[in-house]
Amino acid sequence: PKACISTLTKMLGNILSEYEPMVDIDGGSPSKKPYNPKSRSVKLTNKVFHARVGSVAGGIAFLEVCGFKKSPTGGGGQLVKLSKEDENVNLLREGQLALGIFAKNGMKVGSTACTPDGSAPAAGSGNVGNDDAERKRLESEQKTKAEATAAAA
């Protein structure tokens with residue numbers, strides 16, 4: 001759904017905005033937004049987040065591929081959190097780019113292949129899987145891209 005892509009894009013954008021210099025309209029030096037840990041975690045029990053992302057197949061898995069991890073909260077619930085140590089700006093930018101492609105082509109974030117109408121792929125197509133398998137596949141692809149980027153630098 002569009003709400004899932006929009007919410008995920010905003011989450012990644014809030015984090016990435018901390019790395020982009022902000023222009024000072026008064027002619028001063030550009031500065032960066034300060035680090036904000038609140039933009040890096042959300043409770044899975046948050047009703048709005050659950051409705052927009054948590055209930056969408058592949059929504060949480062997408063965040064996990066971007067470096068977020070599930071962790072327990074003090075009250076017995078869970079949250080998805082991106083620690084400073086797990087933060088990879090290139091990975092977050094690629095995730096944001098992928099979301100832009102999904103939105104442009106009318107695709108949905110899903111636990112199976114992303115098809116233009118959001119439906120599951122045909123049986124026997126080799127694309128049927130669960131969130132864990134899809135997350136691992138995407139992590140492997142992202143790791144390969146990150147290694148290639150590092151080698152080229």
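In this predicted model, E87 has a relative accessibility of 12%, and because the cut-off for a buried residue is under 20%, E87 counts as buried. This glutamate is found in the loop between β5 (78-81) and α4. Leaving aside residues up to four places away in sequence, E87 touches I15, Y19, R40, L82 and L92. Two of these names return below: I15 belongs to the α1 side of a helix contact, and L92 to the α4 side.

Helix α1 is a good place to look next. It covers residues 2-16, and at 1.5 Å a residue its 15 residues should span 21 Å; the C-alpha atoms at its ends are 21 Å apart, so expectation and model agree. Within α1, the buried residues are C4, I5, T7, L8, M11, L12, G13, I15 and L16. A helpful rule for reading such a list is that an α-helix has 3.6 residues a turn, so residues three or four places apart point the same way. The buried residues of α1 pack against β3 (41-43), α2 (47-54), α3 (59-65) and α4 (89-104).

How do α1 and α4 meet, and at what angle do their axes cross? The two axes come within 10 Å and cross at roughly 150°. Because this angle is over 145 degrees, α1 is roughly antiparallel to α4. The crossing is left-handed. On the α1 side, the contact is made by I5, L8, T9, L12, G13, I15 and L16, while α4 contributes V89, L92, R93, G95, Q96, L99, F102 and A103. Sorted by character, the residues of this contact comprise ten nonpolar, four polar and one charged.

Methods
Residues are numbered from 1 along each chain as its sequence is written. This is a predicted model: local features need pLDDT of at least 70, side-chain atom pairs count only at pLDDT 80 or more; totals for chains, interfaces and linings use all residues. Side-chain values use heavy atoms; hydrogens and water are left out. Helices (H or I, at least four residues) and strands (E, at least two) are DSSP runs, numbered from the N terminus. The expected span of a helix is 1.5 Å times one less than its number of residues. Buried means under 20% relative accessible area, exposed over 50%, partly exposed in between (1.4 Å probe, protein chains only). Contact means heavy atoms within 4.5 Å. Axes are lines fitted to C-alpha atoms, for helices over the stretch in contact, and angles run from 0 to 180 degrees between N-to-C directions. Angles under 35 degrees count as roughly parallel, over 145 as roughly antiparallel, 65 to 115 as roughly perpendicular and the rest as oblique. A crossing is left-handed if the near helix is turned anticlockwise from the far one by less than a right angle, and right-handed if clockwise. Ala, Val, Leu, Ile, Met, Phe, Trp, Tyr, Cys and Pro count as nonpolar, Asp, Glu, Lys and Arg as charged, and the others, Gly among them, as polar.
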